[in-house]
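Here are a few exercises to work through with the model open in your viewer. Try each one yourself before reading the solution.

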Amino acid sequence: MKVICTSSYQELKEAADQLSAKAGNSVFYRGTSSLLVPSIVEKSSFNSYADLVAKEYSLVGDFEKYSHIKSEFKNKIAADWGVRIAAREHGLASSLMDWSNSLDIALEFAIHRFEKKAIDYTNLWILNTSGINRIRISDKMEKQDSFHEIESPSIIDLPKYTNSGYWRRKFIQGGYFLFQSPQEIVMSLDENPLFLERLVHFIIPKTVVPDIWKNIASKVNLDLEACPSFDNSDKALDEKCLELNKLYC
């Protein structure tokens with residue numbers, strides 16, 4: 001795995017563009033100051049991967065009871081994926097790992113509330129997705145595309161966000177999520193041999209954050225929340241997800 005300590009936004013962007021071109025634009029980005037694990041691993045205490053499976057089952061089940069989100073999909077498998085992605089967007093702990101097809105959006109998440117975190121650096125990860133199984137959510141999905149049937153790492157692609165379930169983002173992230181088996185998610189992605197040659201890790205020191213902030217702020221308003229709520233029902237569902245995370249994680 002290649003590791004780069006970047007010195008400026010421009011240097012990072014040029015390197016990222018080169019990597020994307022080399023991979024035929026089949027790359028995704030993730031900005032985070034935390035480990036490269038799904039939120040359910042980051043938030044939970046657990047003794048085994050079976051614990052995580054049980055926790056996620058309870059989390060998603062309770063989310064469905066409280067959310068009343070109407071799916072645009074008639075296909076049950078697609079509808080189930082829709083619920084899981086909506087739950088993730090509202091902050092419910094999940095085994096799905098969010099990725100973006102936008103470098104700037106990933107960087108926005110990487111530097112979000114950086115000063116309040118009192119840390120020395122943050123991270124941008126670039127994942128080459130060439131050759132990784134890809135599942136597109138649609139009404140034509142079959143049993144093997146189910147959350148419970150997939151065995152190999154897969155990119156889950158929700159082609160469009162609808163007003164009913166996913167309008168709370170101030171941007172369209174793209175709807176891309178990495179699925180891994182319960183056995184795999186307990187390991188940080190950068191420690192998984194299956195992904196080592198697919199990942200590039202950009203370390204962003206705190207001295208470089210202002211330059212990145214300046215460049216990103218010229219395009220978006222960074223004073224806004226990265227994932228704001230647009231109405232009271234959104235806020236209520238966010239709070240319910242926080243309660244569920246505390247209950248099960």
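**Exercise 1.** Which residues does Ile204 touch, not counting residues up to four places away in sequence?

*Solution.* Keep in mind that you're looking at a predicted model. Start with the contacts earlier in the sequence: Ile204 touches Thr6, Leu12 and Leu107. Next, pick up the run Asp120, Tyr121, Thr122, Asn123 and Leu124, which Ile204 touches too. Finally, add Val209 and Ile212 to finish the list.

**Exercise 2.** Work out which strands form the open sheet, and in what order.

*Solution.* Reading across, the four strands go E1-E8-E4-E2, and the pairing is mixed. The edges are E1 (2-5) and E2 (27-32), each of which pairs on one side only. From one strand to the next, the twist averages 20°.

Now take the pairings of E8 (residues 199-205). E8 and E1 run parallel, joined by four bridges. E8 and E4 run antiparallel, with seven bridges between them. A handy place to check this is His201: Val3 stands opposite His201, and Trp125 has His201 as its bridge partner.

**Exercise 3.** Why is E8 largely enclosed by the rest of the structure?

*Solution.* Go through the strand residue by residue, counting anything under 20% relative accessible area as buried. Six of the seven residues of E8 turn out to be buried, so the strand is largely enclosed by what's around it.

**Exercise 4.** Find which strands H1 and H5 lie across.

*Solution.* Take H1 (residues 9-22) to begin with: it lies across E1, E2, E4 (121-128) and E8. Its direction is about 175° to E8. Then take H5 (residues 103-111), which lies across E2, E4 and E8 and runs at about 15° to E2.

**Exercise 5.** In the largest nonpolar core, which residues touch the most other members?

*Solution.* The core has 21 residues, and the ones to pick out are Leu12, Tyr29, Leu107, Leu124, Ile204 and Ile212. Next, ask where the core comes from: H1, E2, H5, E4, E8 and H9 (209-217) each supply at least two residues. H5 gives the largest share, four residues. Apart from this core lies another one, of 17 residues, including Ile40, Leu92, Ile185 and Leu244. As background, nonpolar side chains in soluble globular proteins tend to be buried together.

Key. Residues are numbered from 1 along each chain as its sequence is written. This is a predicted model: local features need pLDDT of at least 70, side-chain atom pairs count only at pLDDT 80 or more; totals for chains, interfaces and linings use all residues. Side-chain values use heavy atoms; hydrogens and water are left out. Two strands pair if DSSP finds at least two bridges between them. Axes are lines fitted to C-alpha atoms, for helices over the stretch in contact, and angles run from 0 to 180 degrees between N-to-C directions. Contact means heavy atoms within 4.5 Å. A nonpolar core is a set of buried Ala, Val, Leu, Ile, Met, Phe, Trp, Tyr and Cys residues joined through side-chain atoms within 4.5 Å. Buried means under 20% relative accessible area, exposed over 50%, partly exposed in between (1.4 Å probe, protein chains only).
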